[in-house]
Amino acid sequence: MNERLHQIHELALEELSKVSSMEELQNIRNTYLSKKSELMQSMSKMKDLQGEERAKFGQLINSIKMDITQKVEETRLSLEEKKLQEKLAKEVVDFTLPSSDYTKGSKHPFNLIVDEVSRIFIGMGYDIVEGPEVELDHFNFELLNVPKGHPARDMQDSFYIDETHLMRSQTSPVQAHVMLSKNGVGPIKIISPGKVYRRDDDATHSHQFGQIEGLVIDSNVNMGNLLSTLELFARSMFGEKRQVRMRSSYFPFTEPSVEADISCFECGGKGCKLCKGTGWIEVLGAGMVHPNVLEMCGFDTKVYQGFAFGIGIERVAMLKYGIDDIRKFYQNDKRFLSQFTKE
Ligand code: DAH
(Lines give C-alpha, C1' and ligand atoms only; values in the text may rest on other atoms or scores of the structure.)
Protein backbone atom coordinates (compact mmCIF):
# COMPACT_ATOMS: atom_id res chain seq x y z
CA MET A 1 0.00 0.00 0.00
CA ASN A 2 2.75 2.35 0.99
CA GLU A 3 4.51 1.61 -2.20
CA ARG A 4 1.52 2.70 -4.22
CA LEU A 5 1.45 5.97 -2.29
CA HIS A 6 5.12 6.62 -3.14
CA GLN A 7 4.35 5.85 -6.76
CA ILE A 8 1.50 8.37 -6.76
CA HIS A 9 3.82 10.93 -5.18
CA GLU A 10 6.47 10.47 -7.83
CA LEU A 11 3.97 10.53 -10.67
CA ALA A 12 2.51 13.77 -9.37
CA LEU A 13 5.93 15.42 -9.08
CA GLU A 14 6.89 14.26 -12.53
CA GLU A 15 3.73 15.63 -14.09
CA LEU A 16 4.16 18.89 -12.21
CA SER A 17 7.65 19.31 -13.57
CA LYS A 18 6.28 19.21 -17.10
CA VAL A 19 3.33 21.56 -16.62
CA SER A 20 3.17 24.49 -19.05
CA SER A 21 -0.28 25.99 -18.50
CA MET A 22 -2.77 26.81 -15.76
CA GLU A 23 -5.26 24.34 -17.25
CA GLU A 24 -2.74 21.51 -16.96
CA LEU A 25 -2.01 22.55 -13.42
CA GLN A 26 -5.70 22.48 -12.55
CA ASN A 27 -5.97 18.95 -14.01
CA ILE A 28 -3.07 17.76 -11.89
CA ARG A 29 -4.65 19.30 -8.80
CA ASN A 30 -7.88 17.41 -9.55
CA THR A 31 -6.08 14.15 -10.24
CA TYR A 32 -3.97 14.15 -7.11
CA LEU A 33 -5.66 16.27 -4.51
CA SER A 34 -9.43 16.21 -5.06
CA LYS A 35 -11.63 14.11 -2.79
CA LYS A 36 -12.02 11.53 -5.51
CA SER A 37 -8.26 11.25 -6.15
CA GLU A 38 -6.55 7.98 -5.43
CA LEU A 39 -4.49 9.61 -2.69
CA MET A 40 -7.52 10.94 -0.82
CA GLN A 41 -9.51 7.78 -1.38
CA SER A 42 -6.76 5.72 0.20
CA MET A 43 -7.61 7.38 3.52
CA SER A 44 -10.49 4.95 3.71
CA LYS A 45 -8.02 2.11 3.99
CA MET A 46 -6.93 3.35 7.39
CA LYS A 47 -9.82 1.60 9.04
CA ASP A 48 -8.25 -1.77 8.15
CA LEU A 49 -5.03 -0.94 9.98
CA GLN A 50 -4.15 -0.89 13.66
CA GLY A 51 -1.89 1.03 16.03
CA GLU A 52 1.47 2.24 14.82
CA GLU A 53 0.92 1.01 11.27
CA ARG A 54 -2.27 3.00 11.07
CA ALA A 55 -0.58 6.16 12.39
CA LYS A 56 2.34 5.83 9.98
CA PHE A 57 0.00 5.32 7.07
CA GLY A 58 -1.93 8.43 7.98
CA GLN A 59 1.24 10.46 8.35
CA LEU A 60 2.51 9.27 4.98
CA ILE A 61 -0.70 10.29 3.19
CA ASN A 62 -0.58 13.67 4.90
CA SER A 63 3.04 14.40 4.10
CA ILE A 64 2.54 13.40 0.44
CA LYS A 65 -0.57 15.57 0.26
CA MET A 66 1.28 18.54 1.77
CA ASP A 67 4.24 18.13 -0.53
CA ILE A 68 2.06 17.94 -3.66
CA THR A 69 0.01 20.94 -2.46
CA GLN A 70 3.16 22.96 -1.94
CA LYS A 71 4.61 22.02 -5.34
CA VAL A 72 1.30 22.87 -7.03
CA GLU A 73 1.43 26.30 -5.40
CA GLU A 74 5.06 26.85 -6.42
CA THR A 75 4.27 25.81 -9.97
CA ARG A 76 1.31 28.21 -10.02
CA LEU A 77 3.52 31.11 -8.93
CA SER A 78 6.21 30.35 -11.46
CA LEU A 79 3.60 30.04 -14.24
CA GLU A 80 2.23 33.46 -13.30
CA GLU A 81 5.67 35.00 -13.20
CA LYS A 82 6.43 33.52 -16.61
CA LYS A 83 3.21 34.95 -18.00
CA LEU A 84 4.05 38.40 -16.64
CA GLN A 85 7.55 38.33 -18.07
CA GLU A 86 6.17 37.37 -21.48
CA LYS A 87 3.67 40.22 -21.31
CA LEU A 88 6.35 42.72 -20.33
CA ALA A 89 8.61 41.53 -23.10
CA LYS A 90 5.84 42.22 -25.60
CA GLU A 91 5.03 45.69 -24.23
CA VAL A 92 8.27 47.40 -25.07
CA VAL A 93 8.20 51.14 -24.40
CA ASP A 94 9.51 53.31 -27.18
CA PHE A 95 11.05 56.34 -25.50
CA THR A 96 11.62 58.06 -28.81
CA LEU A 97 7.90 58.51 -29.51
CA PRO A 98 6.62 62.09 -29.10
CA SER A 99 4.66 62.68 -25.86
CA SER A 100 0.94 63.31 -25.91
CA ASP A 101 -0.03 66.98 -25.85
CA TYR A 102 -0.31 68.78 -22.52
CA THR A 103 -1.37 72.34 -21.79
CA LYS A 104 0.85 74.59 -19.81
CA GLY A 105 -0.84 76.98 -17.39
CA SER A 106 -0.04 80.67 -17.27
CA LYS A 107 -0.38 83.38 -14.67
CA HIS A 108 -3.67 85.23 -14.59
CA PRO A 109 -3.25 88.86 -15.75
CA PHE A 110 -4.67 89.93 -12.36
CA ASN A 111 -1.79 88.21 -10.58
CA LEU A 112 0.75 89.49 -13.09
CA ILE A 113 -0.22 93.04 -12.10
CA VAL A 114 -0.21 92.24 -8.36
CA ASP A 115 3.28 90.72 -8.74
CA GLU A 116 4.56 93.65 -10.77
CA VAL A 117 3.15 96.35 -8.44
CA SER A 118 4.38 94.44 -5.37
CA ARG A 119 7.85 94.17 -6.88
CA ILE A 120 7.94 97.94 -7.51
CA PHE A 121 6.83 98.87 -3.99
CA ILE A 122 9.00 96.27 -2.26
CA GLY A 123 11.86 98.00 -4.09
CA MET A 124 10.82 101.24 -2.34
CA GLY A 125 10.88 99.55 1.07
CA TYR A 126 7.19 98.77 1.48
CA ASP A 127 5.81 95.72 3.32
CA ILE A 128 2.98 93.66 1.84
CA VAL A 129 0.00 93.19 4.17
CA GLU A 130 -3.25 91.31 3.71
CA GLY A 131 -6.63 92.06 5.24
CA PRO A 132 -9.91 90.16 5.60
CA GLU A 133 -12.41 90.07 2.72
CA VAL A 134 -15.36 89.78 5.12
CA GLU A 135 -15.06 93.03 6.98
CA LEU A 136 -16.75 94.86 9.82
CA ASP A 137 -18.75 97.92 8.81
CA HIS A 138 -16.69 99.69 11.50
CA PHE A 139 -13.47 99.09 9.54
CA ASN A 140 -14.84 99.32 6.01
CA PHE A 141 -16.51 102.68 6.69
CA GLU A 142 -16.53 104.18 10.17
CA LEU A 143 -12.79 104.18 10.90
CA LEU A 144 -12.34 105.66 7.42
CA ASN A 145 -14.42 108.70 8.31
CA VAL A 146 -17.61 107.40 6.71
CA PRO A 147 -20.16 107.22 9.55
CA LYS A 148 -23.57 105.55 9.17
CA GLY A 149 -25.80 107.53 6.82
CA HIS A 150 -22.85 109.23 5.08
CA PRO A 151 -23.65 109.79 1.38
CA ALA A 152 -20.26 108.35 0.30
CA ARG A 153 -21.61 104.91 1.27
CA ASP A 154 -23.90 104.94 -1.77
CA MET A 155 -20.98 104.62 -4.20
CA GLN A 156 -19.77 101.52 -2.41
CA ASP A 157 -22.87 99.46 -1.82
CA SER A 158 -21.67 95.91 -1.23
CA PHE A 159 -22.92 92.52 -0.07
CA TYR A 160 -23.87 92.38 3.58
CA ILE A 161 -23.40 89.20 5.62
CA ASP A 162 -25.39 90.64 8.54
CA GLU A 163 -25.92 94.10 10.05
CA THR A 164 -22.28 94.55 10.99
CA HIS A 165 -20.38 92.44 8.42
CA LEU A 166 -20.01 92.94 4.69
CA MET A 167 -17.79 91.84 1.82
CA ARG A 168 -15.30 94.72 1.94
CA SER A 169 -15.99 97.33 -0.73
CA GLN A 170 -12.40 98.61 -0.75
CA THR A 171 -8.96 97.68 0.55
CA SER A 172 -8.79 100.92 2.56
CA PRO A 173 -9.90 99.20 5.82
CA VAL A 174 -6.49 97.51 5.83
CA GLN A 175 -5.16 100.99 6.63
CA ALA A 176 -7.14 100.97 9.87
CA HIS A 177 -6.04 97.41 10.76
CA VAL A 178 -2.39 98.27 10.28
CA MET A 179 -2.59 101.59 12.14
CA LEU A 180 -4.40 100.06 15.12
CA SER A 181 -1.83 97.26 15.30
CA LYS A 182 0.93 99.87 15.69
CA ASN A 183 -0.50 101.50 18.83
CA GLY A 184 0.15 105.01 17.58
CA VAL A 185 3.81 104.44 16.77
CA GLY A 186 5.09 104.97 13.22
CA PRO A 187 6.51 104.67 10.71
CA ILE A 188 4.19 102.61 8.47
CA LYS A 189 4.94 101.81 4.85
CA ILE A 190 2.69 99.14 3.39
CA ILE A 191 0.77 98.08 0.35
CA SER A 192 -2.13 95.67 0.53
CA PRO A 193 -3.39 93.89 -2.59
CA GLY A 194 -6.68 92.02 -2.48
CA LYS A 195 -10.22 91.47 -3.68
CA VAL A 196 -13.09 93.86 -3.04
CA TYR A 197 -16.81 93.62 -3.76
CA ARG A 198 -19.53 95.98 -4.94
CA ARG A 199 -22.99 95.89 -6.41
CA ASP A 200 -21.77 96.80 -9.89
CA ASP A 201 -21.80 95.04 -13.23
CA ASP A 202 -20.87 96.48 -16.64
CA ALA A 203 -17.91 96.54 -19.04
CA THR A 204 -15.72 98.50 -16.65
CA HIS A 205 -17.26 97.47 -13.30
CA SER A 206 -17.45 93.98 -11.89
CA HIS A 207 -19.11 92.87 -8.65
CA GLN A 208 -15.70 91.55 -7.67
CA PHE A 209 -12.44 93.25 -8.48
CA GLY A 210 -9.03 93.95 -7.05
CA GLN A 211 -7.38 96.90 -5.42
CA ILE A 212 -3.95 97.66 -4.07
CA GLU A 213 -4.01 99.96 -1.09
CA GLY A 214 -0.98 101.96 -0.12
CA LEU A 215 -0.30 103.68 3.20
CA VAL A 216 2.69 105.65 4.44
CA ILE A 217 2.72 107.24 7.89
CA ASP A 218 5.65 109.04 9.44
CA SER A 219 6.51 112.30 11.13
CA ASN A 220 7.56 114.14 7.99
CA VAL A 221 5.29 113.11 5.13
CA ASN A 222 3.87 115.49 2.55
CA MET A 223 2.13 115.71 -0.83
CA GLY A 224 5.52 115.98 -2.56
CA ASN A 225 6.43 112.52 -1.26
CA LEU A 226 3.12 111.19 -2.56
CA LEU A 227 3.71 112.70 -6.00
CA SER A 228 7.25 111.35 -6.32
CA THR A 229 6.14 107.91 -5.11
CA LEU A 230 3.40 107.81 -7.72
CA GLU A 231 5.81 109.00 -10.40
CA LEU A 232 8.27 106.24 -9.58
CA PHE A 233 5.43 103.73 -9.71
CA ALA A 234 4.06 105.07 -13.02
CA ARG A 235 7.48 104.99 -14.67
CA SER A 236 8.27 101.46 -13.53
CA MET A 237 4.86 100.25 -14.60
CA PHE A 238 4.15 102.21 -17.79
CA GLY A 239 7.52 103.44 -19.05
CA GLU A 240 10.35 105.83 -18.21
CA LYS A 241 8.80 108.86 -19.89
CA ARG A 242 5.53 108.85 -17.92
CA GLN A 243 4.48 111.95 -16.06
CA VAL A 244 1.97 112.13 -13.25
CA ARG A 245 -0.50 114.90 -12.66
CA MET A 246 -2.86 115.30 -9.76
CA ARG A 247 -6.39 116.62 -9.95
CA SER A 248 -8.21 117.53 -6.79
CA SER A 249 -10.90 115.06 -5.87
CA TYR A 250 -12.82 113.80 -2.87
CA PHE A 251 -12.42 110.75 -0.65
CA PRO A 252 -13.77 110.80 2.90
CA PHE A 253 -10.56 109.36 4.39
CA THR A 254 -8.08 111.76 2.78
CA GLU A 255 -7.71 115.53 2.89
CA PRO A 256 -6.71 116.88 0.48
CA SER A 257 -7.74 114.13 -1.96
CA VAL A 258 -6.53 113.72 -5.49
CA GLU A 259 -7.00 111.61 -8.54
CA ALA A 260 -3.72 110.83 -10.24
CA ASP A 261 -3.40 110.67 -14.03
CA ILE A 262 -0.42 109.46 -16.01
CA SER A 263 0.57 110.84 -19.38
CA CYS A 264 -0.79 108.51 -22.05
CA PHE A 265 1.66 105.71 -22.89
CA GLU A 266 -0.03 105.10 -26.22
CA CYS A 267 0.42 108.57 -27.75
CA GLY A 268 2.93 110.08 -25.31
CA GLY A 269 0.45 112.80 -24.34
CA LYS A 270 -0.58 114.07 -27.77
CA GLY A 271 -4.09 112.69 -27.53
CA CYS A 272 -5.44 109.42 -28.93
CA LYS A 273 -8.34 106.96 -28.62
CA LEU A 274 -7.02 105.38 -25.43
CA CYS A 275 -6.77 108.69 -23.54
CA LYS A 276 -9.90 110.02 -25.26
CA GLY A 277 -7.89 112.85 -26.77
CA THR A 278 -6.81 114.30 -23.42
CA GLY A 279 -3.25 112.97 -23.30
CA TRP A 280 -3.87 111.73 -19.74
CA ILE A 281 -5.15 108.48 -18.25
CA GLU A 282 -6.67 108.25 -14.79
CA VAL A 283 -5.06 105.49 -12.76
CA LEU A 284 -5.69 105.92 -9.05
CA GLY A 285 -7.10 107.81 -6.09
CA ALA A 286 -4.88 109.18 -3.36
CA GLY A 287 -4.45 111.87 -0.74
CA MET A 288 -3.11 112.85 2.66
CA VAL A 289 -4.61 110.69 5.39
CA HIS A 290 -7.49 112.59 7.02
CA PRO A 291 -6.72 113.70 10.61
CA ASN A 292 -9.95 112.05 11.78
CA VAL A 293 -8.72 108.70 10.45
CA LEU A 294 -5.30 109.11 12.09
CA GLU A 295 -6.93 109.96 15.40
CA MET A 296 -9.55 107.18 15.29
CA CYS A 297 -6.73 104.74 14.58
CA GLY A 298 -4.59 105.96 17.48
CA PHE A 299 -2.07 108.30 15.83
CA ASP A 300 -1.24 111.75 17.20
CA THR A 301 -1.84 114.25 14.39
CA LYS A 302 0.63 116.71 15.91
CA VAL A 303 3.40 114.18 15.33
CA TYR A 304 2.27 112.08 12.40
CA GLN A 305 1.01 112.65 8.88
CA GLY A 306 0.54 110.18 6.10
CA PHE A 307 -0.46 109.61 2.53
CA ALA A 308 -2.56 106.85 1.06
CA PHE A 309 -3.48 105.63 -2.39
CA GLY A 310 -5.74 103.04 -3.97
CA ILE A 311 -5.00 101.36 -7.30
CA GLY A 312 -7.51 99.31 -9.29
CA ILE A 313 -5.79 96.08 -10.32
CA GLU A 314 -7.97 95.28 -13.35
CA ARG A 315 -7.85 98.93 -14.41
CA VAL A 316 -4.05 98.80 -14.57
CA ALA A 317 -4.17 95.42 -16.35
CA MET A 318 -6.72 96.72 -18.86
CA LEU A 319 -4.52 99.71 -19.64
CA LYS A 320 -1.28 97.76 -19.79
CA TYR A 321 -2.58 94.86 -21.87
CA GLY A 322 -5.29 96.67 -23.85
CA ILE A 323 -8.22 94.66 -22.42
CA ASP A 324 -11.62 96.15 -23.18
CA ASP A 325 -13.98 94.37 -20.78
CA ILE A 326 -13.38 93.74 -17.07
CA ARG A 327 -15.66 90.70 -17.13
CA LYS A 328 -13.05 88.83 -19.17
CA PHE A 329 -10.96 88.52 -16.01
CA TYR A 330 -13.60 86.27 -14.46
CA GLN A 331 -14.90 84.13 -17.32
CA ASN A 332 -12.06 81.57 -17.30
CA ASP A 333 -11.81 81.62 -21.07
CA LYS A 334 -8.53 79.89 -21.92
CA ARG A 335 -8.22 81.80 -25.19
CA PHE A 336 -8.10 85.01 -23.15
CA LEU A 337 -5.95 83.73 -20.28
CA SER A 338 -3.32 82.00 -22.41
CA GLN A 339 -2.33 85.32 -23.99
CA PHE A 340 -0.52 86.41 -20.86
CA THR A 341 2.12 83.69 -20.78
CA LYS A 342 5.45 85.38 -20.30
CA GLU A 343 7.60 83.07 -22.39
N1 DAH B 1 -10.78 103.21 -1.52
C2 DAH B 1 -10.97 104.07 -2.65
C3 DAH B 1 -12.04 103.48 -3.56
O4 DAH B 1 -12.27 102.32 -3.48
C5 DAH B 1 -9.69 104.24 -3.41
C6 DAH B 1 -8.77 105.13 -2.66
C7 DAH B 1 -8.77 106.49 -2.91
C8 DAH B 1 -7.89 104.62 -1.71
C9 DAH B 1 -7.93 107.33 -2.22
C10 DAH B 1 -7.05 105.47 -1.01
C11 DAH B 1 -7.09 106.82 -1.27
O12 DAH B 1 -6.22 105.02 -0.07
O13 DAH B 1 -6.27 107.65 -0.59
O14 DAH B 1 -12.62 104.18 -4.32
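For sorting residues by class, Ala, Val, Leu, Ile, Met, Phe, Trp, Tyr, Cys and Pro count as nonpolar, Asp, Glu, Lys and Arg as charged, and the others, Gly among them, as polar. With that in hand, let's work through this structure, which is a predicted model.

**Exercise 1. Describe the shell of residues around the ligand.**

Step 1: start with the head count. The ligand is surrounded by 16 residues, and Gln170, Ser172, Arg198, Gln211 and Glu213 are the closest.

Step 2: sort them by class. The shell splits into 9 polar, 5 nonpolar and 2 charged residues. Arg and Glu count as charged, and Arg198 and Glu213 are among the closest residues.

**Exercise 2. Find the polar contacts that the ligand's oxygen atoms make.**

Step 1: set the cut-off. A polar contact is a pair of N or O atoms within 3.5 Å.

Step 2: check the side chains. Gln211 has a side-chain N or O atom 2.8 Å from an oxygen atom of the ligand. For Gln175, a side-chain N or O atom sits 3.2 Å from a ligand oxygen.

Step 3: don't forget the backbone. Phe309 brings a backbone N or O atom to 3.3 Å from an oxygen atom of the ligand.

Step 4: look at the cover. On its own the ligand would expose 360 Å², and 92% of that is buried by the protein.

**Exercise 3. Place the ligand in a pocket and describe the walls.**

Step 1: identify the site. The ligand takes up space in the largest pocket. Strands β5 (208-218), β8 (280-289) and β9 (305-312) are the elements that give two or more residues to the ligand's shell.

Step 2: size it up. The largest pocket holds about 1,300 Å³ of space.

Step 3: go through the lining. There are 49 lining residues, with His205, Glu282, Val283, Gly312 and Arg315 nearest the centre of the pocket. By class, 24 are nonpolar, 15 polar and 10 charged.

Step 4: trace the lining back to its elements. At least two residues each come from β5, β6 (244-251), β7 (254-263), β8, β9 and α10 (313-321). Strand β8 gives the largest share, with 8 residues.

**Exercise 4. Do the same for the second largest pocket.**

Step 1: get the volume, which is about 250 Å³ for the second largest pocket.

Step 2: list the walls. This pocket has 14 lining residues, and nearest its centre are Phe110, Asn111, Glu133, Gly194 and Lys195. Helix α5 (109-123) and strand β4 (188-197) are the elements that give two or more residues to this lining.

Step 3: sort by class. You get 5 nonpolar, 5 polar and 4 charged residues.

**Exercise 5. Track down the unusual backbone geometry.**

Step 1: look at the loop between α7 (173-181) and β4, where Pro187 lies. The peptide bond leading from Gly186 into Pro187 is cis, with omega near -5 degrees.

Step 2: stay in that loop between α7 and β4 for Asn183. Its phi is near 50 degrees, which is a positive value in a residue other than glycine.

Step 3: move to strand β7, home of Pro256. Here the bond from Glu255 to Pro256 is cis, with omega near -5 degrees. Strand β7 also turned up in Exercise 3, where it supplies at least two residues of the largest pocket's lining.

Terms used:
Residues are numbered from 1 along each chain as its sequence is written. This is a predicted model: local features need pLDDT of at least 70, side-chain atom pairs count only at pLDDT 80 or more; totals for chains, interfaces and linings use all residues. Side-chain values use heavy atoms; hydrogens and water are left out. A residue is near a molecule or strand if one of its heavy atoms lies within 4 Å of it. A polar contact is a pair of N or O atoms within 3.5 Å; within protein, one must be able to donate a hydrogen and the other to accept it, and residues adjacent in sequence count only if both atoms are side-chain atoms. Accessible areas come from the Shrake-Rupley method with a 1.4 Å probe; for residues, only the protein chains shown count as cover. On a 1 Å grid over the protein atoms alone, a cavity is a set of points where a 1.4 Å probe fits but cannot get out, and a pocket is an open set with protein on both sides within 12 Å along at least five of seven lines; lining residues have an atom within 4 Å of a point. A molecule sits in a cavity or pocket if more than half of its atoms lie within 2 Å of its grid points. Helices (H or I, at least four residues) and strands (E, at least two) are DSSP runs, numbered from the N terminus. Grid points are joined across faces, edges and corners, and a volume is the space filled by probe spheres set on the points.
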